Amino acid sequence: MAEGQAHYSLTEKTFKKLCNGTIKFEDLEEKDCILQIEQKGVDMRIGLDIASLAYKKQVDQIVLISGDSDFVSAAKLARREGIDFILDPLGAPVKPDLFEHIDGLRTCDSNFKISDKK
């Protein structure tokens with residue numbers, strides 16, 4: 001992880017207590033903070049990997065574990081290159097613009113129910 005991609009924030013409850021003087025900075029505990037991690041460029045890198053695999057005909061099928069519509073272009077490209085493009089959104093809703101460019105839905109986790117609704 002690159003420097004600056006992770007930082008801690010105070011919980012809303014803790015922030016309010018600090019502002020109204022109920023607690024002081026010295027009273028802060030680990031549970032008063034939330035770790036926040038930023039991902040930058042990950043979708044683009046995955047899209048480039050999908051394109052590379054498709055153009056080089058290195059795979060017959062790609063299973064993408066995401067529901068992010070940022071992958072529409074990659075899905076379209078892979079399918080144009082004859083790759084079977086499967087999506088596993090892990091229970092998240094799939095946006096219609098991505099749904100129309102996949103060959104199938106499946107899940108690797110039985111805790112999630114797959115719905116074919118757009």
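Where does Leu 90 lie?

## Leu 90 and its loop

In this predicted model, Leu 90 is found in the loop that lies between strand β4 and helix α4 (96-99). Its phi is near 50 degrees, which is a positive value in a residue other than glycine. With a relative accessible area of 33%, Leu 90 is partly exposed, because that value falls between the limits of under 20% for buried and over 50% for exposed.

## Lys 57 and its loop

Another residue with a positive phi is Lys 57, where the angle is near 55 degrees and the residue is again other than glycine. Lys 57 has its place in the loop between helix α2 (42-55) and strand β3. The relative accessible area of Lys 57 is 51%, so this residue counts as exposed, the cut-off being over 50%.

## Strand β3 and its two faces

In a regular strand the side chains alternate between the two faces of the sheet. Strand β3, which covers residues 61-64, shows such an alternation: the side chains of Ile 62 and Leu 64 point to one face and are buried, whereas those of Gln 61 and Val 63 point to the other face and are not buried.

## From β3 to β4

Strand β3 runs parallel to strand β4 (residues 84-87), and four bridges join the two. Within this pairing, Val 63 stands opposite Ile 86 of β4. Between the two strands the chain passes through helix α3 (residues 72-80), and the resulting β-α-β crossover is right-handed.

Technical notes
Residues numbered from 1 in each chain as written. Predicted model: local features only at pLDDT ≥ 70, side-chain atom pairs only at ≥ 80, totals over all residues. Heavy atoms only, no water. Buried < 20%, exposed > 50% of the residue type's maximum accessible area, 1.4 Å probe, protein only. Pairing = 2+ DSSP bridges. Right-handed = clockwise from strand over helix to strand, strands pointing away.
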